[in-house]
There are 2 protein chains.
Amino acid sequence: MTDDQGALYGVVLAGGTGTRLWPLSRAGHPKFLHPLTGTDASLLQATVGRLDQLASPERIFVVTGVAHAAAVSRQLTTVPEENVLVEPSPRDSCAAIALAAAVIARRDPEGIMGSFASDHLIGEKNQFTEVIRTAIEGARQGQLMTLGITPTRPETGYGYLQCGGTRGDGPIMRVEEFKEKPSYDVAESYVKSGNYLWNAGMFVWRVDVFLAELARQQPQLAAGISRIAQAWDSAAREEVLGEVWPTLPRISVDYAVMEGAAVVGRVSTVPGDFGWNDVGDFHTLGEVLAADPQGNVIVGQDPETKPGVLLREAENLVVVPTPGRLVAALGVRDLIIVDTPDAVLVCPRERAQEVKSLVDALKDSGELGYI
Amino acid sequence: MTDDQGALYGVVLAGGTGTRLWPLSRAGHPKFLHPLTGTDASLLQATVGRLDQLASPERIFVVTGVAHAAAVSRQLTTVPEENVLVEPSPRDSCAAIALAAAVIARRDPEGIMGSFASDHLIGEKNQFTEVIRTAIEGARQGQLMTLGITPTRPETGYGYLQCGGTRGDGPIMRVEEFKEKPSYDVAESYVKSGNYLWNAGMFVWRVDVFLAELARQQPQLAAGISRIAQAWDSAAREEVLGEVWPTLPRISVDYAVMEGAAVVGRVSTVPGDFGWNDVGDFHTLGEVLAADPQGNVIVGQDPETKPGVLLREAENLVVVPTPGRLVAALGVRDLIIVDTPDAVLVCPRERAQEVKSLVDALKDSGELGYI
């Protein structure tokens, strides 16, 4: 344990399905539960493991839904039971984060929490840890800290942070405005200017600062969370949660709190460059995992299930095999091949984003068993 | 029943694996057992069904190996039990055909038999029936008749028949020589000359004529078959078969009998043009089955197992789904996608012939469960 371990409450949001990772990611077994990390660890487990220099296990919280509470609990064996916060229904990120903040505040009113998606990959853990430590400094001083990723391309799938000058002489910068997903031309101008960072949806703040800003901007949501928090350690927890939770607005934390906080100068960022990947689709997954000399990435192959994959004159594939079955590919390139116990997908890497449309088609035709 | 039904003994050879149709075709479940016909019928069933204007059910014989005797018997419910001839071990086509000829000769010494592979598709059944009727005429006159397919391309994967003039005023032509699989240039010259036909490996002859020619060219094989035939209707059948069969030479009927018979003027042919396809690989299978407006061929899809296949902006695919699983393809073309309960194959149509190399690779690596 380093000196810093224990300084942070780590909150992991284990929600979302990831339909662009179909047929691997399903409503019943979403992407964060899958070992898409190049090791045996699931994305969720890797997310928690990545915090080990920053938060001791009893300071790790996870917020998840009723459908995945059991799987999440079993994957995260070191997280105390009482730190698995189960939402009665999906209310988007603001309610989930606010619940965690309120529960932490009961234990440690000025505690510093970091909020992390459970389905991102980070290549350079040490750099990530350093960036979070810097963010903790900013949080201590009362800022709502957001992690900004130095953009490497004019990506139109992400939101951006428009940065102002630095605060003090450290790397912390003011965030002047949150920008929605831009057009390609706008994204290009952002990247050229050097003043914009990708909004990776990772936040660090004092729980009291966040809850105060929530109360200012979202009084209804704050009041509901406050009622739930008061009942948290009582016999009435389930009763109150069941009554209040469904009334909370469905809203993202960016939109509900961060955009408005930036306008009044309360948001700062630490630029990060630690190999962040949101594992949005199989193509980007293939870009971040190790490839063989032919550029083929085999995701989550367990050597005990060999052969698993048989490739011959194949290049630049992303292959997801499934235990007990063989994927054979001959003379193909730049394809995604995802095999699962009940479905197989074949699609070019460049069209990875459109996989979502297949899920929509299945939904439309009532084939709910496959989604 | 037409006047001609009953004129022919139909012999179907249910052997061979079809490794170019892997992973659908396996050693344990070879291609002739699969419904690759565009209907529910297997290739084997379609082969027998195609003879219904030529041979009554009690005149249909099938020669198969010990591994597939049960499956063959169950698929061919109309074939009498005693007409399922089970070889103790594979001895190539000459022994299989000779056994059938000898068994038929015991019942009908001058009977006319037609010998057919169990894994070919024929598009125009009526034309096929007419060609066989013509071949029966030639067989009655003592010729060893072979069916010749009018070539449509300079195919290097088939043997050819070099034809001489016609016999009489019908379509029957003399076969001067059997030609092995040629190089591309040679195949091209064959097709241009108009004197060459594809050797489809379908024969029609009087059993006495064939057995006499066998005795002349292959005395050892003929003697062995004769011993087996004499014991056929006795209690000693299994004993004699088990003793003699393993001593028979492994040799194809083309090489053992037909080539030598052609040299002495005993082979004739009827040119046929009835949509013959040897279903050698998934690409040629795709060429012969009905395609959707985008050129996609879905092989053997049972409507009850829907969705089975979900295609989106896909063209010119050959897709083999498997019951209870979904094959989804987005934005791909000219691919073969074959799904089975334990393996999936992805390969371009133009490389369909090379699928065999995957089976070799599995064999080399000891993965015998997949082959």
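Two strands count as paired if DSSP finds at least two bridges between them. That criterion is used below for a predicted model, beginning with a strand of chain A.

Strand E6 of chain A, residues 144–149, has two partners. With strand E9 (residues 196–206) of chain A, E6(A) shares four bridges, and the two run antiparallel. Within this pairing, Gly148(A) has Asn199(A) of E9(A) as its bridge partner. With strand E10 (residues 267–272) of chain A, E6(A) shares six bridges, and here the direction is parallel. Leu144(A) is bridged to Val267(A) in E10(A).

How many of the six residues of E6(A) are buried? Six of the six are, and the strand is described as mostly covered. The burial applies to both faces of E6(A). One side carries Leu144(A), Thr146(A) and Gly148(A), the other Met145(A), Leu147(A) and Ile149(A), and all of these are buried.

Strand pairing also occurs between the chains. Strand E17 of chain A, residues 343–348, is joined to E15(B) by four bridges, and the two strands run parallel. One bridge of E17(A) with E15(B) links Val344(A) to Val327(B).

The contact between the chains as a whole draws 33 residues from chain A and 33 residues from chain B. On the side of chain B that touches chain A, at least two residues each come from strands E13 (309–312), E15 (326–330), E16 (335–339) and E17 (343–348) and from helix H11 (355–364). Of the elements of chain B, E17(B) gives the most to this side, with six residues. Sorted by class, the side of chain B that touches chain A holds 22 nonpolar, seven charged and four polar residues.

Within chain B, helix H9 (residues 253–263) packs against helix H3 (residues 92–107), with axes 6 Å apart and an angle of about 70°. An angle from 65 to 115 degrees counts as roughly perpendicular, and therefore H3(B) is roughly perpendicular to H9(B). H3(B) brings Ser93(B), Cys94(B) and Ile97(B) to this contact, while H9(B) brings Val253(B), Ala256(B) and Val257(B). Five of the residues in the contact of H3(B) with H9(B) are nonpolar, one is polar and none is charged.

H9(B) also packs with helix H6 of chain B, residues 207–217: the axes come within 9 Å and cross at roughly 95°. H6(B) is therefore roughly perpendicular to H9(B) too. From H6(B), the residues Glu213(B), Leu214(B) and Gln217(B) meet Ala256(B), Val257(B), Gly260(B) and Ala261(B) of H9(B). The contact of H6(B) with H9(B) divides into four nonpolar, two polar and one charged residue. Ala256(B) and Val257(B) appear in the contact with H3(B) and again in the contact with H6(B).

One residue of H9(B) remains to be described, Asp254(B). Is Asp254(B) buried or partly exposed? A residue needs 20 or more other C-beta atoms within 10 Å to be buried, and counts as exposed at 12 or fewer. Asp254(B) has 18 within that distance, so Asp254(B) is partly exposed. Leaving aside residues up to four places away in sequence, Asp254(B) touches Gly159(B), Phe178(B) and Glu259(B). Between Asp254(B) and Ser118(B) the separation is 136 residues in sequence and 17 Å in space, taken from C-alpha to C-alpha.

Terms used
Residues numbered from 1 in each chain as written. Chains lettered and ligands numbered in written order. Predicted model: local features only at pLDDT ≥ 70, side-chain atom pairs only at ≥ 80, totals over all residues. Contact = placed C-beta atoms within 7 Å. Nonpolar A, V, L, I, M, F, W, Y, C, P; charged D, E, K, R; others polar. Axes fitted to C-alpha atoms, helices over the stretch in contact; angles between N-to-C directions. Parallel < 35°, antiparallel > 145°, perpendicular 65-115°, else oblique.
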